[in-house]
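Please open the model in your viewer with the sequence panel alongside. The stops below go from the whole chain to single residues.

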Amino acid sequence: MRSRFALVSLFALWVAACGPSTQGLGDDVADDDGTDDASQEVDAPDIDAPTDAVDDAATAYPDAAGFDGNPTCNDWMCTTPVNDGCMLGTSDICGDGLDNNCNGEVDEGCTCTAGAVQQCFLGPPGRRGQGACVDGMQTCIEGGEFDYWGPCNGGIRPGAEACDSVDNDCNGCADDNPACCVVNLQCPTSMPDGDPFQPYVIDGTQFYSGTVTSWQWTVTGGPCDQLFLTTTNPVRQSFTLAGQNTSMLTFTPSLSGDYTVTVTITASDGTVYTCTFIIHIRGPGLRVEMCSNRSGTTDIDTHVHRPDSTATWWGPDTCYFGNCAASGSINWGYANSPLSACSGGPQGAAWTLLGYCRNPRLDIDSIRANGVPENINIDVPQNAKTYRVMLNYYSGTGAVNPLVNIYCGGYLRATYGQAPDLVPDFDQSGASSSGDLWRVADVTPTVVNGVTTDCTITPLHAPGMSSGYWVGTQPRTY
Ligand SMILES: [Ca+2]
Ligand SMILES: [Ca+2]
Ligand SMILES: [Ca+2]
Ligand SMILES: [Ca+2]
């Protein structure tokens with residue numbers, strides 16, 4: 001609730017500070033520069049609180065304009081904003097996904113393993129997870145001598161404070177903006193997690209209950225969807241939308257990961273409202289997802305190898321198209337999953353006949369299919385055991401750039417083959433005897449009480465190499 005008392009008090013103080021005085025006033029509470037003001041000087045008021053000791057002019061994140069001193073309507077300021085937590089002039093602290101020194105870069109100067117993905121937040125550290133703010137992802141880029149963290153993409157950063165019932169600048173107060181006299185919009189700050197293949201229904205009338213002229217929903221997906229935006233024709237995505245021009249969106253994803261949803265609402269008075277939020281789709285366990293820039297003309301097969309075995313890539317110790325779809329015969333002794341985990345997928349009818357979802361399973365098989373990724377799941381992998389991931393360029397001609405994303409417990413933990421780290425020389429097709437193999441990575445999940453909480457992922461390099469992808473037609477063995 002907004003405190004009228006605090007507003008009036010602060011206004012009174014501001015008025016007092018403006019008046020003639022011969023006394024030192026101390027630091028203006030509405031100012032954040034951390035220095036005492038001379039009696040004749042009043043710092044420009046802004047929305048930072050006294051608890052924020054950082055001079056924003058020195059950071060990459062300037063504050064929004066704030067309290068204008070004119071006590072009309074709900075003109076107010078955030079009296080107790082979160083501390084920015086900036087440590088100016090220091091080296092960034094590594095491994096926390098934060099921009100500790102507020103220079104606009106996350107974990108700069110830190111080492112990492114190429115292909116690793118971590119959650120990150122591009123904003124003042126103290127605002128992480130506040131209000132609308134949601135972490136994005138950053139990928140470790142191969143950098144010759146030292147690998148380094150790439151830009152923090154996705155998520156929701158602190159933004160301008162809109163009148164939408166949400167704390168957009170993530171300072172701890174929603175709608176702390178003099179313009180928010182009347183707030184008609186109730187955007188969500190967080191949404192429940194979803195599951196692959198399960199329709200996710202969002203009712204826009206929960207956000208705006210007035211008379212509406214038009215609704216428009218858009219959704220953006222993860223790395224494969226980003227790739228498909230520029231490489232598929234017509235553009236294909238890994239999810240479907242229904243009702244995107246109505247108040248009720250039904251969004252059905254096929255992959256794990258973060259999806260950004262925006263709804264644009266045009267009210268009958270012509271006002272345009274928008275809400276943007278993120279939905280986490282979290283398939284359990286270990287998921288290996290593959291897509292390529294030439295999905296319509298080539299067939300690339302994903303293979304996931306069983307732990308404690310080095311048997312052939314084309315046999316019962318590997319999950320691949322030959323044995324791992326609904327009609328397959330693979331049996332690693334793993335428990336089956338409920339039918340709902342796979343019945344909504346492209347082989348749903350076959351799994352429904354079976355009555356359950358097998359583990360491991362190839363639940364999306366892509367064979368020269370425009371904009372279709374391939375996906376292998378193990379819902380409950382073995383704790384502390386190592387699974388190896390390999391791709392085989394099965395059929396097609398010419399060079400192709402595959403992309404592999406590895407999810408553990410519903411979060412992207414590694415991505416390989418994304419620009420600027422494209423996979424080179426993946427250009428020779430052929431099945432078990434001749435096509436290129438890309439040995440991607442070894443994945444060791446952490447599983448607690450049947451729930452995959454994390455994993456350790458080690459990218460594989462050619463024998464004798466300490467960097468680069470391991471691609472070639474030989475050897476054909478593990
Ligand atoms: Ca950091
Ligand atoms: Ca930094
Ligand atoms: Ca705010
Ligand atoms: Ca707001």
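With the whole chain selected, the secondary structure amounts to 3 helices and 20 strands, where helices (H or I, at least four residues) and strands (E, at least two) are DSSP runs numbered from the N terminus. This is a predicted model, in which local features need pLDDT of at least 70 and side-chain atom pairs count only at pLDDT 80 or more, while totals for chains, interfaces and linings use all residues. Residues are numbered from 1 along each chain as its sequence is written, and chains are lettered from A and ligands numbered from 1 in the order in which they are written.

Of the 478 residues of the chain, 45% count as buried; a residue is buried if 20 or more other C-beta atoms lie within 10 Å of its own, exposed if 12 or fewer, and partly exposed in between, with C-beta atoms placed from the backbone.

Next, select β5, β8 and β9, which form an open sheet of 3 strands in the order β5-β8-β9 with antiparallel pairing. Because β5 and β9 (272-281) stand at the edges with a single partner strand each, one side of each has no neighbour in the sheet. Two strands pair if DSSP finds at least two bridges between them, and β5 and β8 (residues 257-267) are joined in the antiparallel sense over 8 bridges. To find one of these, pick Val219, whose bridge partner in β8 is Val261.

Move on to helix α2 (residues 223-231), where Pro223, Cys224, Asp225, Leu227 and Phe228 are buried. The elements that cover these buried residues include β5 (212-220), β10 (286-292), β16 (402-408) and β17 (411-416).

Now colour the largest nonpolar core, which has 93 residues, with Val389, Val404, Ile406 and Trp438 having the most contacts inside it; such a core is a set of buried Ala, Val, Leu, Ile, Met, Phe, Trp, Tyr and Cys residues joined through C-beta atoms within 7 Å. Centre on Val389 and, leaving aside neighbours within four places in sequence, show its contacts (C-beta atoms, placed from the backbone, within 7 Å): Val288, Val304, Val404, Val440, Ala441 and Val443.

The last stop is Cys319 in strand β12 (residues 318-319), which counts as buried because it has 27 C-beta neighbours inside 10 Å. Beyond the four nearest places in sequence on either side, Cys319 is in contact with Val304, Cys324, Ile330, Pro360, Leu362 and Ile376. A distance label from the C-alpha atom of Cys319 to that of Asn331, 12 residues apart along the chain, should read 9.5 Å.

Definitions and conventions:
Two residues are in contact if their C-beta atoms, placed from the backbone, lie within 7 Å.
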